[in-house]
Amino acid sequence: AAPGADISKIKFAIEGPASVVVDGDGNLRIRTDAGTVTMLRPSIYQENADGTRSRVQGQFAMAKDGTVEAGVPHREVAFQVAAYDHSRKLIIDPQLFYSTYYGGSATSTGPVQLAQLSGITQGQTLTVADVGLDVAVDSSHKAYITGSAYSSDLPTKSAFQATNQGANAAPQQNPNVFIAKFDPTQSGANSLVYATYLGAQGDTQVSDKGDGNGDLGFGIAVDGNGEAFVVGQTYSATTTFPGSGSCGAFGQTNNQGASSTNVGFVSELNAAGNNVIYSCYIDGSSNATAARVALVPGCATNCKAYITGSTQSTAAQGFPVTANAF
């Protein structure tokens, strides 16, 4: 905030049917049907000429009464700040529980094929090196992320697959899925519990080089035993996707109609991240994408995976419609 700024004008709103309170420590707690979101009290300070910081006391402050706008409950939140020097700028920073970078050195880059998010990207292609697309947290607060990696030097640890197997040489190598598990109670390198690539060559057609037709992880869920279930889309042909041989009668083989056509996949990793229990293709010769996965809450082992996504494939084109389908 600039010198002399009116801090009372800095506000944001919590919308929707949530119960919002400021706790005794000045943190904002937003209670919803899905759980409680906590925003830590802000770190407020002014910078001195010698580079040091002078702390200023402050916390969140809620509007006394909420309102309803277009049928949606609306509660404003501002900042309550103690006395400070108004002739100098004031910094109001959010406090983070933890934060880290994760990725490689962008040995290759390319588009990330996010058809299911085209409404958000408004049709614009996202060019990336490594991108995280979903996160899950287990009962001990360890975080699991999945996404897509073009980099051939992604940090791996206790990995099932230590290298990117995507076709083509850098800087046009196809991406692979990645899965990484973090322990936020640790710091530095110790916070990375495991990290692994998951995937095969993807689209090997020379004319498709650089199109990003590799293997991408879109969704992740974790059971009570710490086993990660990952879904996404793959361009890796026939039976090459890791673990597809353990799928059983369903989904062992990719039936893609062309090398540039993706199908979905679902994989389960063991708790250590160094083995794939199974992978199944979700077929459709005109494409199929698995976007998100969920497990029955509290399931510890042998969990059933519930998957959603999209397809332009009919049953005649290999999409696995079941006999009792709606």
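In this predicted model, the link between Cys247 and Cys280 is right-handed, with 110 degrees about the S-S bond. The two sulfur atoms of this disulfide lie 2.0 Å apart. The bond ties together distant parts of the chain, since Cys247 sits in the loop between S18 and S19 while Cys280 belongs to strand S20, 33 residues apart. Both ends are out of reach of the probe for the most part: with buried meaning under 20% relative accessible area, Cys247 qualifies at 15% and Cys280 at 7%.

A search of the whole structure returns two disulfides, and the other one joins Cys299 to Cys303, again with an S to S distance of 2.0 Å. Here the link is left-handed, with -110 degrees about the S-S bond. Cys299 and Cys303 are both buried as well. When the bonded cysteines of the protein are numbered in sequence order, the pairing reads 1-2, 3-4. As a reminder of the chemistry, a disulfide is a covalent bond between the sulfur atoms of two cysteines.

Strand S20 also brings us to the nonpolar interior. The largest nonpolar core holds 16 residues, and those with the most contacts inside it are Tyr144, Val177, Ile179, Leu198, Ile220, Val230 and Phe265. Two or more residues each come from S15, S16, strand S17 (215–222), strand S18 (228–234), strand S19 (263–269) and strand S20 (276–282). Of these, S19 gives the most, with three residues. A second core, separate from this one, has 13 residues, among them Val231, Tyr278, Ile282 and Val293. Such grouping fits a familiar pattern: in soluble globular proteins, nonpolar side chains tend to be buried together.

Two of the strands that feed the largest core, S15 and S16, are also part of a four-stranded open sheet. Its order is S13-S14-S15-S16, and the pairing is antiparallel. Strand S13 (130–137) and strand S16 (192–198) form the edges, each pairing on one side only. Neighbouring strands of the sheet are turned against each other by 20 degrees on average, direction ignored. Within the sheet, strand S14 (residues 143–149) and strand S15 (residues 176–182) run antiparallel and are joined by seven bridges. One of the residue pairs there matches Ser148 with Val177 in S15, and Val177 is also listed among the residues with the most contacts in the largest core.

The same region of the chain contributes to an open space. The largest pocket has a volume of about 510 Å³. Its lining counts 14 residues, of which Phe97, Tyr98, His141, Ala143 and Pro184 lie nearest the centre. The elements giving two or more residues to this lining are S13 and S14.

Earlier in the chain, strand S5 (residues 43–47) has four of its five residues buried, so this strand is largely enclosed by the rest of the structure. On the one hand, S5 pairs with strand S10 (residues 91–93) in the antiparallel sense over three bridges, with Tyr45 standing opposite Ile91. On the other hand, S5 is joined by three bridges to strand S6 (residues 53–55), which runs antiparallel to it, and here Glu47 faces Arg53. S5 and S6 make a hairpin with five residues between them, and Gly51 in the turn has a positive phi of about 90 degrees.

Terms used. Residues numbered from 1 in each chain as written. Predicted model: local features only at pLDDT ≥ 70, side-chain atom pairs only at ≥ 80, totals over all residues. Heavy atoms only, no water. Pairing = 2+ DSSP bridges. Axes fitted to C-alpha atoms, helices over the stretch in contact; angles between N-to-C directions. Core = buried A, V, L, I, M, F, W, Y, C linked by side-chain atoms within 4.5 Å. Buried < 20%, exposed > 50% of the residue type's maximum accessible area, 1.4 Å probe, protein only. Disulfide = S-S within 2.5 Å. 1 Å grid on protein atoms, 1.4 Å probe; cavity = no way out; pocket = protein on both sides within 12 Å on 5 of 7 lines; lining within 4 Å. Points joined across faces, edges and corners; volume = space filled by probe spheres on them.
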